Amino acid sequence: MLNKTIFVVEDESDIQELIRYNLMKDRYLVECFENAESMIQRLNTKVPDAILLDIMLPGIDGLEACRRLRAGGPGEQVPVIMLTAKGEEADVVTGLELGADDYMVKPFSPRVLLARLKAVVRRRRVEETIAQKPLETQGITMHPGRHEVTIDGQQVVLTASEFAALYMLAGKAGWVFTRYQIVEEVHGPNYPVTDRSVDVMIAGLRKKMGSKGDLIETVRGIGYKFKGESDE
Ligand code: CA
(Lines give C-alpha, C1' and ligand atoms only; values in the text may rest on other atoms or scores of the structure.)
Protein backbone atom coordinates (compact mmCIF):
# COMPACT_ATOMS: atom_id res chain seq x y z
CA MET A 1 0.00 0.00 0.00
CA LEU A 2 1.21 3.49 -0.83
CA ASN A 3 2.27 5.80 1.96
CA LYS A 4 -0.28 8.49 2.70
CA THR A 5 0.68 12.10 2.13
CA ILE A 6 -0.20 14.69 4.75
CA PHE A 7 0.02 18.45 4.31
CA VAL A 8 0.85 20.33 7.52
CA VAL A 9 0.12 24.07 7.64
CA GLU A 10 1.70 25.53 10.78
CA ASP A 11 3.73 28.70 11.18
CA GLU A 12 5.34 27.78 14.49
CA SER A 13 8.45 25.89 13.47
CA ASP A 14 8.82 23.81 16.65
CA ILE A 15 5.25 22.51 16.39
CA GLN A 16 5.71 21.94 12.66
CA GLU A 17 8.85 19.90 13.35
CA LEU A 18 7.19 17.90 16.11
CA ILE A 19 4.32 16.96 13.81
CA ARG A 20 6.62 16.19 10.91
CA TYR A 21 8.83 13.97 13.06
CA ASN A 22 5.93 11.96 14.45
CA LEU A 23 4.11 11.55 11.14
CA MET A 24 7.28 10.45 9.36
CA LYS A 25 7.99 7.95 12.11
CA ASP A 26 4.54 6.52 11.35
CA ARG A 27 5.50 6.29 7.63
CA TYR A 28 3.49 9.22 6.37
CA LEU A 29 4.90 11.43 3.65
CA VAL A 30 4.82 14.97 5.02
CA GLU A 31 4.85 18.36 3.33
CA CYS A 32 4.97 21.40 5.60
CA PHE A 33 3.77 24.92 4.81
CA GLU A 34 4.10 28.11 6.81
CA ASN A 35 0.99 29.67 5.35
CA ALA A 36 -2.26 28.53 3.80
CA GLU A 37 -1.73 30.25 0.45
CA SER A 38 1.30 28.12 -0.43
CA MET A 39 -0.57 24.96 0.59
CA ILE A 40 -3.59 25.85 -1.56
CA GLN A 41 -1.21 26.55 -4.44
CA ARG A 42 0.41 23.15 -4.00
CA LEU A 43 -3.00 21.42 -4.26
CA ASN A 44 -2.93 22.16 -7.98
CA THR A 45 -0.09 19.70 -8.38
CA LYS A 46 -0.56 17.32 -5.45
CA VAL A 47 -3.67 16.28 -3.52
CA PRO A 48 -2.82 14.84 -0.09
CA ASP A 49 -4.74 12.26 1.96
CA ALA A 50 -5.34 14.76 4.76
CA ILE A 51 -4.49 18.32 5.80
CA LEU A 52 -3.50 19.48 9.28
CA LEU A 53 -4.44 23.14 9.33
CA ASP A 54 -3.47 25.62 12.03
CA ILE A 55 -6.08 28.34 12.62
CA MET A 56 -3.83 31.29 13.49
CA LEU A 57 -1.62 31.82 10.46
CA PRO A 58 0.03 34.74 8.71
CA GLY A 59 -1.98 35.71 5.61
CA ILE A 60 -5.34 34.02 5.34
CA ASP A 61 -6.18 32.12 8.52
CA GLY A 62 -7.03 28.44 8.81
CA LEU A 63 -10.77 29.08 8.81
CA GLU A 64 -10.68 31.04 5.58
CA ALA A 65 -8.41 28.38 4.09
CA CYS A 66 -10.91 25.68 5.09
CA ARG A 67 -13.76 27.67 3.55
CA ARG A 68 -11.81 28.00 0.30
CA LEU A 69 -10.98 24.29 0.24
CA ARG A 70 -14.60 23.27 0.68
CA ALA A 71 -15.81 25.79 -1.91
CA GLY A 72 -14.46 23.53 -4.66
CA GLY A 73 -11.25 22.63 -6.40
CA PRO A 74 -8.76 19.84 -5.86
CA GLY A 75 -8.86 20.00 -2.04
CA GLU A 76 -12.63 19.83 -1.72
CA GLN A 77 -12.78 16.21 -0.55
CA VAL A 78 -9.57 16.09 1.49
CA PRO A 79 -10.06 15.50 5.23
CA VAL A 80 -9.02 18.50 7.35
CA ILE A 81 -8.00 18.51 11.00
CA MET A 82 -7.83 22.03 12.49
CA LEU A 83 -5.05 22.84 14.95
CA THR A 84 -6.10 25.37 17.54
CA ALA A 85 -4.68 27.03 20.63
CA LYS A 86 -6.51 26.93 23.96
CA GLY A 87 -9.27 29.52 24.10
CA GLU A 88 -10.10 29.30 20.41
CA GLU A 89 -13.20 27.15 20.96
CA ALA A 90 -15.43 29.51 18.98
CA ASP A 91 -13.08 29.08 16.03
CA VAL A 92 -13.32 25.32 16.37
CA VAL A 93 -17.10 25.47 15.97
CA THR A 94 -16.72 27.70 12.91
CA GLY A 95 -14.10 25.35 11.49
CA LEU A 96 -16.33 22.31 11.86
CA GLU A 97 -19.24 24.20 10.30
CA LEU A 98 -16.98 25.12 7.40
CA GLY A 99 -16.33 21.45 6.74
CA ALA A 100 -13.30 20.55 8.86
CA ASP A 101 -13.43 16.91 9.94
CA ASP A 102 -11.87 17.18 13.38
CA TYR A 103 -9.68 19.41 15.53
CA MET A 104 -6.79 19.22 17.99
CA VAL A 105 -6.13 21.69 20.79
CA LYS A 106 -2.44 22.58 21.27
CA PRO A 107 -0.43 21.29 23.00
CA PHE A 108 -1.50 17.80 21.94
CA SER A 109 -0.10 14.33 22.26
CA PRO A 110 1.39 13.08 18.99
CA ARG A 111 -0.22 9.67 19.60
CA VAL A 112 -3.68 11.22 19.83
CA LEU A 113 -3.00 13.23 16.68
CA LEU A 114 -1.96 10.07 14.81
CA ALA A 115 -5.08 8.22 15.97
CA ARG A 116 -7.39 11.05 14.86
CA LEU A 117 -5.56 11.36 11.55
CA LYS A 118 -5.97 7.66 10.87
CA ALA A 119 -9.67 7.91 11.71
CA VAL A 120 -10.45 10.79 9.33
CA VAL A 121 -8.53 9.20 6.47
CA ARG A 122 -10.34 5.89 6.99
CA ARG A 123 -13.76 7.54 7.32
CA ARG A 124 -13.28 9.42 4.07
CA ARG A 125 -12.29 6.24 2.27
CA VAL A 126 -15.47 4.49 3.41
CA GLU A 127 -17.55 7.44 2.17
CA GLU A 128 -15.84 7.28 -1.20
CA THR A 129 -16.63 3.59 -1.52
CA ILE A 130 -20.29 4.20 -0.69
CA ALA A 131 -20.46 7.04 -3.22
CA GLN A 132 -19.34 4.63 -5.93
CA LYS A 133 -22.56 2.65 -5.84
CA PRO A 134 -23.34 -0.21 -8.19
CA LEU A 135 -25.19 0.67 -11.34
CA GLU A 136 -27.78 -1.34 -13.25
CA THR A 137 -29.32 -0.21 -16.49
CA GLN A 138 -30.57 -1.79 -19.71
CA GLY A 139 -28.90 -5.14 -19.14
CA ILE A 140 -25.63 -3.63 -17.94
CA THR A 141 -24.49 -3.94 -14.34
CA MET A 142 -21.40 -2.19 -12.99
CA HIS A 143 -19.79 -2.62 -9.60
CA PRO A 144 -17.11 0.04 -9.09
CA GLY A 145 -15.79 -1.39 -5.81
CA ARG A 146 -15.05 -4.71 -7.52
CA HIS A 147 -14.37 -3.18 -10.95
CA GLU A 148 -16.83 -5.67 -12.47
CA VAL A 149 -19.10 -5.28 -15.47
CA THR A 150 -21.64 -7.69 -16.82
CA ILE A 151 -23.63 -7.24 -19.99
CA ASP A 152 -26.68 -9.50 -20.35
CA GLY A 153 -25.20 -11.65 -17.60
CA GLN A 154 -21.82 -12.05 -19.30
CA GLN A 155 -18.74 -10.63 -17.62
CA VAL A 156 -16.89 -8.06 -19.73
CA VAL A 157 -13.34 -6.96 -19.01
CA LEU A 158 -12.83 -3.20 -19.31
CA THR A 159 -9.76 -1.05 -18.78
CA ALA A 160 -9.90 1.50 -15.94
CA SER A 161 -10.52 4.29 -18.48
CA GLU A 162 -13.29 2.42 -20.25
CA PHE A 163 -14.89 1.57 -16.94
CA ALA A 164 -14.85 5.17 -15.72
CA ALA A 165 -16.26 6.46 -19.00
CA LEU A 166 -19.05 3.89 -19.14
CA TYR A 167 -19.92 4.44 -15.47
CA MET A 168 -20.28 8.16 -16.07
CA LEU A 169 -22.29 7.87 -19.30
CA ALA A 170 -24.58 5.05 -18.16
CA GLY A 171 -25.11 6.70 -14.76
CA LYS A 172 -26.62 9.72 -16.47
CA ALA A 173 -28.40 8.22 -19.41
CA GLY A 174 -29.68 10.85 -21.81
CA TRP A 175 -27.11 13.43 -20.71
CA VAL A 176 -24.61 14.59 -23.29
CA PHE A 177 -20.97 14.65 -22.22
CA THR A 178 -18.21 16.43 -24.08
CA ARG A 179 -14.97 14.66 -24.86
CA TYR A 180 -13.28 16.98 -22.37
CA GLN A 181 -15.70 15.92 -19.61
CA ILE A 182 -14.98 12.29 -20.38
CA VAL A 183 -11.22 12.87 -20.19
CA GLU A 184 -11.64 14.74 -16.92
CA GLU A 185 -13.65 11.87 -15.46
CA VAL A 186 -11.16 9.28 -16.61
CA HIS A 187 -7.84 11.02 -15.96
CA GLY A 188 -8.61 14.09 -13.84
CA PRO A 189 -8.41 17.73 -14.96
CA ASN A 190 -5.73 19.12 -17.28
CA TYR A 191 -4.79 15.74 -18.67
CA PRO A 192 -3.23 16.11 -22.10
CA VAL A 193 -5.17 13.89 -24.53
CA THR A 194 -6.66 14.57 -27.91
CA ASP A 195 -10.33 14.31 -28.90
CA ARG A 196 -9.25 11.59 -31.29
CA SER A 197 -7.92 9.41 -28.45
CA VAL A 198 -11.28 9.73 -26.67
CA ASP A 199 -13.00 8.55 -29.85
CA VAL A 200 -10.63 5.60 -30.07
CA MET A 201 -11.29 4.69 -26.43
CA ILE A 202 -15.08 4.88 -26.93
CA ALA A 203 -14.82 2.80 -30.10
CA GLY A 204 -12.96 0.11 -28.15
CA LEU A 205 -15.54 0.26 -25.39
CA ARG A 206 -18.44 -0.12 -27.83
CA LYS A 207 -16.78 -3.13 -29.37
CA LYS A 208 -16.39 -4.84 -25.99
CA MET A 209 -20.05 -4.13 -25.26
CA GLY A 210 -21.12 -6.16 -28.28
CA SER A 211 -24.78 -5.70 -29.17
CA LYS A 212 -25.11 -3.13 -26.36
CA GLY A 213 -22.39 -1.00 -27.92
CA ASP A 214 -24.88 1.21 -29.73
CA LEU A 215 -26.29 2.34 -26.38
CA ILE A 216 -23.42 4.83 -26.52
CA GLU A 217 -24.46 7.37 -29.12
CA THR A 218 -22.25 9.93 -30.78
CA VAL A 219 -23.62 13.45 -30.50
CA ARG A 220 -22.25 15.23 -33.51
CA GLY A 221 -20.07 18.21 -32.70
CA ILE A 222 -20.34 17.67 -28.94
CA GLY A 223 -19.45 14.26 -27.61
CA TYR A 224 -21.34 11.23 -26.38
CA LYS A 225 -24.43 10.15 -24.53
CA PHE A 226 -25.94 6.95 -23.26
CA LYS A 227 -29.38 6.03 -24.68
CA GLY A 228 -32.32 6.35 -22.36
CA GLU A 229 -33.23 8.63 -19.52
CA SER A 230 -31.88 8.81 -15.99
CA ASP A 231 -33.96 9.86 -12.99
CA GLU A 232 -31.78 12.90 -12.27
CA1 CA B 1 -0.14 29.59 14.42
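**Close-up 1. Asn22 and its surroundings in helix α1.** The backbone oxygen of Leu18 sits 2.8 Å from a polar atom of the Asn22 side chain. As everywhere in these views, what you see is a predicted model. Asn22 belongs to helix α1. With a relative accessibility of 12%, Asn22 counts as buried, because the cut-off for that label is under 20%. Leave out the residues up to four places away in sequence, and Asn22 touches Pro110 and Leu114.

**Close-up 2. The calcium ion and the residues that hold its donors.** Here the calcium ion is coordinated by Asp11 and Asp54, each through OD, and by Met56 through O. The distances run from 2.1 to 2.4 Å. Reading along the chain, the donors follow the spacing D-x42-D-x1-M. Asp11 comes from the loop between β1 (5–9) and α1 (13–25), while Met56 comes from the loop between β3 (50–54) and α3 (62–70), so this pair ties together parts that are 45 residues apart in sequence. How open to the outside are they? Asp11 has 32% relative accessibility and counts as partly exposed. Met56, at 53%, counts as exposed, because that label applies over 50%.

**Close-up 3. Arg70 and its contacts.** Now we move to helix α3, where Arg70 lies. Is Arg70 buried or exposed? Arg70 is buried, with a relative accessible area of 18%. A polar atom of the Arg70 side chain lies 2.8 Å from the backbone oxygen of Glu76. Setting aside neighbours within four places in sequence, Arg70 is in contact with a run of residues that includes Gly75, Glu76, Gln77, Val78, Pro79 and Val80. Its contacts also include Leu98, Gly99, Asp101 and Arg124. For a bit of orientation, look for Ile51: its C-alpha atom and that of Arg70 are separated by 12 Å, and the two residues are 19 apart along the chain.

**Close-up 4. Where helix α6 crosses helix α7.** Helix α6 covers residues 160–171 and helix α7 covers residues 179–187. Their axes come within 9 Å and cross at roughly 125°. That angle makes α6 oblique to α7. The crossing of α6 past α7 is right-handed. Which residues make the contact? From α6 there are Ser161, Ala164, Ala165 and Met168. On the α7 side, look for Gln181, Ile182, Glu185, Val186 and His187.

Methods: Residues numbered from 1 in each chain as written. Predicted model: local features only at pLDDT ≥ 70, side-chain atom pairs only at ≥ 80, totals over all residues. Heavy atoms only, no water. Donors = N, O, S within 2.8 Å, 3.2 Å for Na, K, Ca; no water. Helix = DSSP H or I, 4+ residues; strand = E, 2+ residues; numbered from the N terminus. Buried < 20%, exposed > 50% of the residue type's maximum accessible area, 1.4 Å probe, protein only. Contact = heavy atoms within 4.5 Å. Polar contact = N/O pair within 3.5 Å; in protein donor to acceptor, adjacent residues only side chain to side chain. Axes fitted to C-alpha atoms, helices over the stretch in contact; angles between N-to-C directions. Parallel < 35°, antiparallel > 145°, perpendicular 65-115°, else oblique. Left-handed = near helix turned anticlockwise from the far one by under 90°.
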